[in-house]
Protein chains: 4
Amino acid sequence: MQKVGLLLGRSARAWRSVRMASSGVARRDPLANKVALVTASTDGIGFAIARRLAQDGAHVVVSSRKQQNVDRAVAALQGEGLSVSGTICHVGKAEDRERLVATILDINVKAAALMTKVVVPEMEKRGGGSVVIVASIAAFNPFPGLGPYNVSKTALLGLTKNLAIELAPRNIRVNCLAPGLIKTSFSSVFWMDKAKEESMKETLRIRRIGTPEECAGIVSFMCSEDASYITGETVVVGGGTPSRL
Amino acid sequence: MQKVGLLLGRSARAWRSVRMASSGVARRDPLANKVALVTASTDGIGFAIARRLAQDGAHVVVSSRKQQNVDRAVAALQGEGLSVSGTICHVGKAEDRERLVATILDINVKAAALMTKVVVPEMEKRGGGSVVIVASIAAFNPFPGLGPYNVSKTALLGLTKNLAIELAPRNIRVNCLAPGLIKTSFSSVFWMDKAKEESMKETLRIRRIGTPEECAGIVSFMCSEDASYITGETVVVGGGTPSRL
Amino acid sequence: MQKVGLLLGRSARAWRSVRMASSGVARRDPLANKVALVTASTDGIGFAIARRLAQDGAHVVVSSRKQQNVDRAVAALQGEGLSVSGTICHVGKAEDRERLVATILDINVKAAALMTKVVVPEMEKRGGGSVVIVASIAAFNPFPGLGPYNVSKTALLGLTKNLAIELAPRNIRVNCLAPGLIKTSFSSVFWMDKAKEESMKETLRIRRIGTPEECAGIVSFMCSEDASYITGETVVVGGGTPSRL
Amino acid sequence: MQKVGLLLGRSARAWRSVRMASSGVARRDPLANKVALVTASTDGIGFAIARRLAQDGAHVVVSSRKQQNVDRAVAALQGEGLSVSGTICHVGKAEDRERLVATILDINVKAAALMTKVVVPEMEKRGGGSVVIVASIAAFNPFPGLGPYNVSKTALLGLTKNLAIELAPRNIRVNCLAPGLIKTSFSSVFWMDKAKEESMKETLRIRRIGTPEECAGIVSFMCSEDASYITGETVVVGGGTPSRL
């Protein structure tokens with residue numbers, strides 16, 4: 001059988017009947033009593049994700065390689081009344097990191113694999129957990145001129161599948177977010193001048209560039225109990241740009 | 001850059017610091033002021049979706065082909081304090097429906113297309129809306145012996161893409177849920193006897209059959225403003241069973 | 001381990017050494033002693049496929065709904081010294097066909113399923129066979145304004161998977177060709193005026209529109225013994241246009 | 001419109017009419033006047049590909065890291081009357097190679113990218129060329145316990161897309177072969193003992209493990225002019241094992 005859930009937007013007086021208080025207490029803070037570690041989260045999509053997870057009830061650990069960026073992000077989020085602390089992200093020793101940083105493939109794939117392995121024991125102690133890897137729509141349809149970046153993102157789709165299989169017995173789910181064109185400093189080359197932005201929007205179905213906040217909700221969802229049967233999956237947040245079936 | 005959001009489960013006293021009230025008022029009832037029409041929603045996955053959308057603040061219209069099933073479902077949900085009404089689903093005239101029912105491909109694909117077209121004008125009047133089509137993991141990896149069902153589900157992946165493109169200019173998003181093996185009467189053949197259920201679980205990464213409720217959260221999410229930049233996408237809720245990258 | 005086969009084009013004097021006659025006799029007529037039924041084969045991609053299969057050694061049965069088109073195509077191919085005969089394609093009785101023709105979904109999906117079922121007994125008698133279904137790149141990335149066509153093509157991807165599974169025990173392989181933009185009367189709207197053709201080519205990586213002949217080789221290949229371990233797969237012939245990983 | 005090419009196997013006396021010589025001279029040696037460099041080609045799938053490309057008319061350069069393996073493979077193929085020579089494969093300097101060999105991701109992805117870059121100038125001089133990368137069905141559905149291998153293969157799907165886009169303007173096509181379970185020394189763990197082989201075959205639609213030769217035909221095809229409009233695509237040779245739509 002097939003079902004279609006159809007949702008009608010905005011004020012809906014016509015059909016509205018008596019509304020009673022929903023009993024969905026559990027939904028108030030879907031991430032209550034959880035701790036979230038968000039890497040590369042001092043600005044852009046990572047920062048929006050950190051803020052959202054905190055708004056949804058998690059204690060968030062903001063992380064990055066530079067202390068001052070971490071301090072700034074923590075201060076900003078604490079200023080919003082959110083439960084946030086910060087840490088510098090150490091992927092191995094300094095000299096290892098040097099080599100690691102050598103290539104985008106290393107940064108994007110090995111660091112993600114490494115980070116996951118590092119937190120797994122902690123998650124196991126708590127009875128389970130959830131990992132969300134951030135790939136890109138370029139994993140499916142390459143951004144021109146960004147070969148190594150694109151390939152590393154495709155690899156992350158595979159990493160998601162592999163970690164999901166490997167960690168399922170430990171009650172750890174692993175999913176993936178693939179943002180499309182999102183307004184961040186990283187993507188600024190695509191929208192810095194107005195003409196370029198207009199030409200980019202031509203290819204988008206939703207005729208605007210996305211915001212970091214629009215990537216954050218699905219991460220919170222993936223981390224919540226609502227996603228308890230979802231693992232190994234990638235969700236594209238791309239405004240309808242060609243991705244895959 | 002690549003980010004990993006890692007969420008640690010359960011009570012997390014160790015890292016917890018001062019928690020302040022999150023300001024996320026908008027998150028309390030993510031579907032407030034929305035009307036949701038859920039077809040085939042008197043039991044199984046459809047019923048779980050209807051309940052969840054109501055719990056998240058929408059007024060839900062339960063729909064099915066049989067009056068008594070609709071009445072029963074409406075009564076059950078109203079008994080939980082939810083804002084729900086019911087309607088019989090008419091897909092065209094009776095004789096058309098007869099022919100329509102002729103084949104699974106017709107039911108699953110044309111009815112979904114038709115239903116969407118029917119509600120689009122109403123959505124437009126309200127300034128936009130969201131459609132979630134329910135396909136199946138069998139759209140990617142066929143269930144043995146269910147050819148026409150499987151093919152119709154694959155077609156729904158395409159319908160999702162096509163409607164998303166067509167309706168984006170009217171501020172209507174169209175996405176798709178692809179459930180894996182979920183404990184419903186439809187799938188009972190797979191788990192009715194204990195031996196069969198055990199053998200099915202062998203193929204699942206999360207070693208249990210999913211529940212209808214585990215399909216409902218993503219539908220509510222897709223309908224909410226949190227998914228404002230997601231359209232044309234399919235999310236698999238399949239416990240890690242092979243689907244696609 | 002990973003291997004890269006690299007082929008250098010054109011005259012290759014530099015590296016050439018003694019060339020001896022290859023022993024590949026079996027490769028001369030890869031489809032010798034085979035009979036190929038090609039539906040909708042009186043022009044465009046179907047005609048190119050019919051010709052190619054005949055050139056590769058098969059006896060080809062050209063088929064279409066109109067006698068005069070069949071006669072014309074058979075005469076043309078026999079004039080090239082190819083082993084070809086013709087037949088009108090009957091999908092059920094006339095009145096059934098009328099209803100069948102009613103919708104594109106019916107034509108494209110049910111007819112393909114029906115035709116396959118019709119020829120399976122004949123294939124079984126001969127010890128096996130091969131079916132190649134023609135979908136479209138629009139199965140993955142919709143052509144604008146062609147919703148039902150696109151959806152029917154997506155459904156064919158699923159039909160391919162399902163028939164492959166169902167028919168494997170009978171030694172019948174089922175694969176699929178997904179052409180991109182190919183110069184046929186069907187696609188003429190995209191290249192009829194020069195300006196439109198230029199703008200179309202912008203989106204192609206290989207900067208020209210494909211020819212029907214460029215779709216024919218892969219069909220011959222899929223039908224040959226060379227493809228003996230390939231079933232359930234779709235190959236895109238699209239000049240690099242976005243399709244899927 | 002939709003077409004089905006149906007090919008009936010074996011001797012087909014019933015329908016056979018007069019057969020005249022096909023004019024397909026060009027098809028006799030589809031790779032005549034071409035030079036093929038096949039890396040890791042001293043045994044298994046690579047060796048079968050090398051032999052097949054030579055049988056189809058190319059001069060083949062067999063390559064591997066060990067001189068004695070190259071010598072043995074060259075001697076074997078020359079003994080079959082094929083035009084073959086050999087070379088040791090140098091990917092950069094020795095110390096670089098050491099580091100390169102450090103991880104599977106490096107070997108499989110960077111070496112493929114590097115090798116391609118190395119031969120591009122030579123291909124350009126000759127007016128174009130064709131690259132076929134060998135990934136694995138594990139790129140789509142991971143082999144258990146082989147995480148890094150699987151992820152590297154997924155990355156190769158992305159590398160294929162990226163190189164195809166980058167090299168299209170130079171008349172170089174880039175495609176990918178994804179073998180399923182093939183009887184080689186690499187996969188021997190899956191079929192060494194009879195019980196394991198039987199249990200593996202359960203999951204295959206074509207109920208036998210494939211041979212290296214069954215992977216070679218598609219590579220020859222991809223390198224030939226017959227594939228002139230195919231670039232950026234991956235073809236699975238997997239006997240019907242779950243891959244992707």
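Chain C and chain B bury about 1500 Å² between them in this predicted model, and carbon and sulfur atoms account for 74% of that area. Within chain C, the residues that lose the most area to chain B are C:Leu105, C:Val151 and C:Asn162, which together make up 32% of what that side buries. A second contact, between two domains of chain A, buries about 1200 Å².

**Interface of chain C and chain B**

- Chain C contributes 18 residues to the contact, and chain B contributes 18 residues.
- No salt bridges are counted between chain C and chain B, while two residue pairs are in polar contact across the interface, both at pLDDT 80 or more.
- Helix H4 (104-125) and helix H5 (147-167) of chain C are the elements that give two or more residues to the side touching chain B.
- H5(C) gives the most to that side, with ten residues.
- The side of chain C that touches chain B comprises nine nonpolar, six polar and three charged residues.

**Domains of chain A**

- Chain A is divided into domain 1 (30-89) and domain 2 (103-245), with 18 Å between their centres, taken over C-alpha atoms.
- In the contact, 16 residues of domain 1 meet 19 residues of domain 2, and 74% of the buried area comes from carbon and sulfur atoms.
- Two salt bridges are counted between these domains; the side chains of A:Glu213 and A:Arg51 form a salt bridge at 4.0 Å, N to O.
- Two residue pairs are in polar contact between the domains, both at pLDDT 80 or more.
- Strand E2 (35-38) and helix H1 (44-55) of chain A each supply at least two residues of the domain 1 side, to which H1(A) gives the most, with seven residues.
- By class, the domain 1 side has nine nonpolar, two polar and five charged residues.

Technical notes:
Residues are numbered from 1 along each chain as its sequence is written. Chains are lettered from A and ligands numbered from 1 in the order in which they are written. This is a predicted model: local features need pLDDT of at least 70, side-chain atom pairs count only at pLDDT 80 or more; totals for chains, interfaces and linings use all residues. Side-chain values use heavy atoms; hydrogens and water are left out. Contact means heavy atoms within 4.5 Å. Buried area is the accessible area (1.4 Å probe) that two parts lose on being put together, summed over both. A polar contact is a pair of N or O atoms within 3.5 Å; within protein, one must be able to donate a hydrogen and the other to accept it, and residues adjacent in sequence count only if both atoms are side-chain atoms. Helices (H or I, at least four residues) and strands (E, at least two) are DSSP runs, numbered from the N terminus. Ala, Val, Leu, Ile, Met, Phe, Trp, Tyr, Cys and Pro count as nonpolar, Asp, Glu, Lys and Arg as charged, and the others, Gly among them, as polar. Domain bounds come from an automatic or database domain assignment.
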